[in-house]
Amino acid sequence: MVRLALRTGLRWKLSAAIALVGALVAVALSLVVHNAARGSMLDNSRDVQIERLNFTQKIFESTGRLQFGAKIDDPTLPKALRAAVAKNKRATFLQDTGQTAPEVWAAAPAGSGRVLSLHDRFPDRFAVLDDLDQALLIGSTAVVVGGCALGVLVGGRLSKRLRKAAAAAGRLADGDTSVRIRDEVGGRVRDETDDLAWAVDAMSDALQQRIEAERRVTADIAHELRTPVTGLLTAAELLPPGRPSELVRDRAQAMRTLVEDVLEVARLDGYAERAELQDVALGEFVTRRVRALNPDISIDVVRDAEVTTDPRRLERILGNLIANAARHGKPPIEVTVEGRVLRVRDHGTGFPEALLREGPSRFRTGSSDRAGRGHGLGLTIAAGQARVLGARLTFRNAEELTDGSTGAVSVLWLPENAPTDTGSFPVIHLPDR
C-alpha cells in the first residue's frame with residue numbers, strides 16, 4: 001500500500017499551530033466575557049425592577065396611583081412569580097428566550113390578596129451585547145491573524161536556518177570538508193538549531209579525522225609493501241624458465257599493480273593531486289589510446305572537440321573504464337566521443353545496483369556475477385582522476401537488448417573550463433539524456 005505524504009513547511013506548521021491556539025483562546029475568552037456581561041446585565045435589570053417596584057408601591061400606598069406601567073393582579077403574571085408573592089415575598093422573574101432582550105418581572109403583595117407587578121424589557125441595555133460581541137469578534141480575528149503573522153515570522157526564521165543547515169550538510173556529504181554548519185546557520189539568538197549544527201560539525205570533524213587516519217595507514221602500508229614487492233618481482237625474474245616461474249612472476253606483478261593502485265587511491269583521497277593541463281583533440285586522442293589498448297574495440301567519434309585537460313590522467317580514466325568493461329562485461333565494447341562527452345559501453349549484465357546507487361567503492365566489485373575478479377579500485381581511481389580533471393564520471397545501465405543483455409555504460413563529462421590550480425572544479429550542468 002502506497003502512502004502519500006503531504007510535505008509542508010515548518011513556518012506554516014507553526015503558523016497554523018499558533019493560529020489554532022489563538023483561536024481557541026479567543027473563543028473561550030469571548031464566551032466567558034459574553035456570559036459574564038449578560039449575567040451582569042440580567043442582575044442589573046432585576047435590581048432596577050425591584051427599585052421601580054419599591055417606588056411604585058410607596059406612591060400606590062399613599063396616593064393610589066400606579067407608576068412605570070405597574071399593574072394590579074396582571075393576568076399575564078407568571079405562575080412562579082405569583083406563587084412567590086403568595087408567600088408574602090417580593091420576587092423577580094426572568095423570561096429569557098436568548099433571541100431578544102429578556103422580559104423582567106417584579107412583583108410584591110399589595111394587601112387584600114392583591115399583587116402589584118411591573119413588566120418591562122431593557123432593549124437598550126442588551127443592545128450593548130451586540131456591540132460587545134462585535135468587538136469580541138474583531139478582537140478574536142485580530143488575534144488569529146496576528147498569530148498567523150507571528151507563526152510565519154518565527155517559523156520562517158527557524159525554517160531558513162534549518163534550510164541553510166541542510167544545504168551545508170548536503171555540501172558536506174558531497175565531499176566539501178571545509179563546510180561548517182554552525183557558520184552557515186549564523187544568527188545572534190542561540191537555540192537548538194545551533195546545538196544541532198555544533199553536533200554535526202563535531203561528528204564531521206571526527207569522521208574526517210578517522211578517514212584521514214585510515215588513508216594514512218593505507219598509504220603507509222602500501223608504501224612499505226612497495227619495496228619488498230619490487231624485490232620479489234626482481235627475484236622472480238632470476239628464476240629459471242618454466243611454468244612455476246611464470247606463475248610467481250604473474251602473482252608478483254599483480255601484487256605490485258595492487259600496491260600501486262592503493263597508493264594512487266590514497267593520493268586521490270588526500271585531494272592533493274593537481275592536473276598538468278594541455279590542449280587535446282579528444283577524438284584523435286581517444287582513437288590512438290584505444291587502438292593501442294585493444295584494436296577490437298569499436299570507436300565512434302560523433303563530434304570531435306578540443307579540450308584542455310591532463311592527458312595522462314585522461315588516459316588513466318579511459319584505460320580503467322575499458323579494463324572494467326573487459327573484465328566484468330561482455331564484448332563488443334564500444335567507445336563513443338561526442339563533443340566533450342566520452343562513453344564506454346559493454347554488453348554484459350550491467351552495473352550492480354549498489355554501484356549505481358552509491359558510486360564506486362574500493363574493494364567492492366558488486367554482485368556475484370561481477371565479483372571474484374579485481375578489487376574495485378579501477379572505477380574508484382577513475383572517479384578520483386575525473387575529480388582532479390574537473391570532470392564528472394557517471395554510471396548507468398543501457399536498455400535491455402534482444403539477446404537479454406543490458407550493458408554497463410560509463411560516461412565521462414569533461415568540463416568546458418579547465419580545472420583551477422587550487423584543485424577545485426566548476427559546476428557541470430548535465431544535459432537531459
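This is a short walk through the structure shown above, from the whole chain down to a few single residues.

Okay, thanks everyone. Before anything else, please keep in mind that we're looking at a predicted model.

Let's start with the whole chain. We have 433 residues in the protein chain, and 34% of them are buried. The secondary structure comes to 10 helices and 11 strands. If you take the contacts with a separation of 6 or more, 63% of them are between residues 24 or more positions apart.

Now, the nonpolar core. The largest one has 31 residues. Who has the most contacts inside it? That would be Val286, Val290, Leu321, Val335, Val344 and Leu412. As for the elements giving two or more residues to this core, on the helix side we have α7, at 282-293, then α8, at 311-328, and α10, at 377-388. On the strand side there are β8 (334-338), β9, β10 (392-397) and β11 (408-413). Helix α8 gives the largest share of this core, with 6 residues.

Let me pick Val335 from that group. Setting aside residues up to four places away in sequence, Val335 touches Val286 and Val290, and also Val344. Its other contacts on that count are Ile297, Ser298, Ile299, Asp300, Ile322, Leu342 and Arg343. And apart from this core lies another one, of 8 residues, including Phe60, Ala70, Ala108 and Ala110.

Next, empty space. How do you look for it? Rolling a probe the size of a water molecule over the atoms shows where empty space is left. In this model the count comes to 2 cavities of 30 Å³ or more. The largest cavity holds about 40 Å³ of space.

So what lines that largest cavity? Going along the sequence, the lining is Leu321, Asn324, Ala325, Val344, Arg345, Asp346, Phe351, Ala408 and Ser410. You may recognise Leu321 and Val344 from the core list a moment ago. By type, the lining divides into 5 nonpolar, 2 polar and 2 charged residues. By element, α8, β9 and β11 each supply at least two residues. The largest share of the lining, 3 residues, comes from α8.

One of those lining residues deserves its own slide: Asp346. You'll find Asp346 in the loop between β9, which spans 341-345, and α9, at 353-358. Is Asp346 buried or exposed? It has a relative accessible area of 1%, and the cut-off for buried is under 20%, so Asp346 counts as buried.

What does the side chain of Asp346 reach? One partner is the backbone nitrogen of Gly348, at 3.0 Å. Another is the backbone nitrogen of Ala408, also at 3.0 Å. Beyond four places in sequence, Asp346 touches Ala325, Gly329, Lys330, Pro332, Ile333, Gly407 and Ala408.

Pro332, on that contact list, brings us to a backbone detail. Pro332 sits in the loop between α8 and β8. A cis peptide bond joins Pro331 and Pro332, with omega at about 0 degrees.

There's another aspartate to show you, Asp310, in the loop between β7 (306-309) and α8. Asp310 has a relative accessible area of 3%, so it is buried. A polar atom of its side chain lies 2.9 Å from the backbone nitrogen of Glu276. Not counting residues up to four places away in sequence, Asp310 touches Arg274, Ala275, Glu276, Leu277 and Leu389.

Let's move to another part of the chain, helix α3, residues 123-173, where Gly147 has its place. Gly147 is at 8% relative accessibility, and therefore it counts as buried. What is Gly147 in contact with? Leaving aside neighbours within four places in sequence, the answer is Ser15 and Ile18. Gly147 also pairs up with Ala19 in space: they are 128 residues apart in sequence, but 4.9 Å apart from C-alpha to C-alpha.

Last one, Asn88. Asn88 is in the loop between α2 (79-86) and β2 (91-95). Phi of Asn88 is near 65 degrees, which is a positive value in a residue other than glycine. Asn88 has a relative accessible area of 61%, so this one is exposed.

To pull the middle of the talk together: α8 gives the largest share of the largest core, and α8 gives the largest share of the lining of the largest cavity too. Asp346 lines that cavity and is buried. That's my tour, thanks for listening.

Technical notes. Residues numbered from 1 in each chain as written. Predicted model: local features only at pLDDT ≥ 70, side-chain atom pairs only at ≥ 80, totals over all residues. Heavy atoms only, no water. Helix = DSSP H or I, 4+ residues; strand = E, 2+ residues; numbered from the N terminus. Buried < 20%, exposed > 50% of the residue type's maximum accessible area, 1.4 Å probe, protein only. Polar contact = N/O pair within 3.5 Å; in protein donor to acceptor, adjacent residues only side chain to side chain. Contact = heavy atoms within 4.5 Å. Core = buried A, V, L, I, M, F, W, Y, C linked by side-chain atoms within 4.5 Å. 1 Å grid on protein atoms, 1.4 Å probe; cavity = no way out; pocket = protein on both sides within 12 Å on 5 of 7 lines; lining within 4 Å. Points joined across faces, edges and corners; volume = space filled by probe spheres on them. Nonpolar A, V, L, I, M, F, W, Y, C, P; charged D, E, K, R; others polar.
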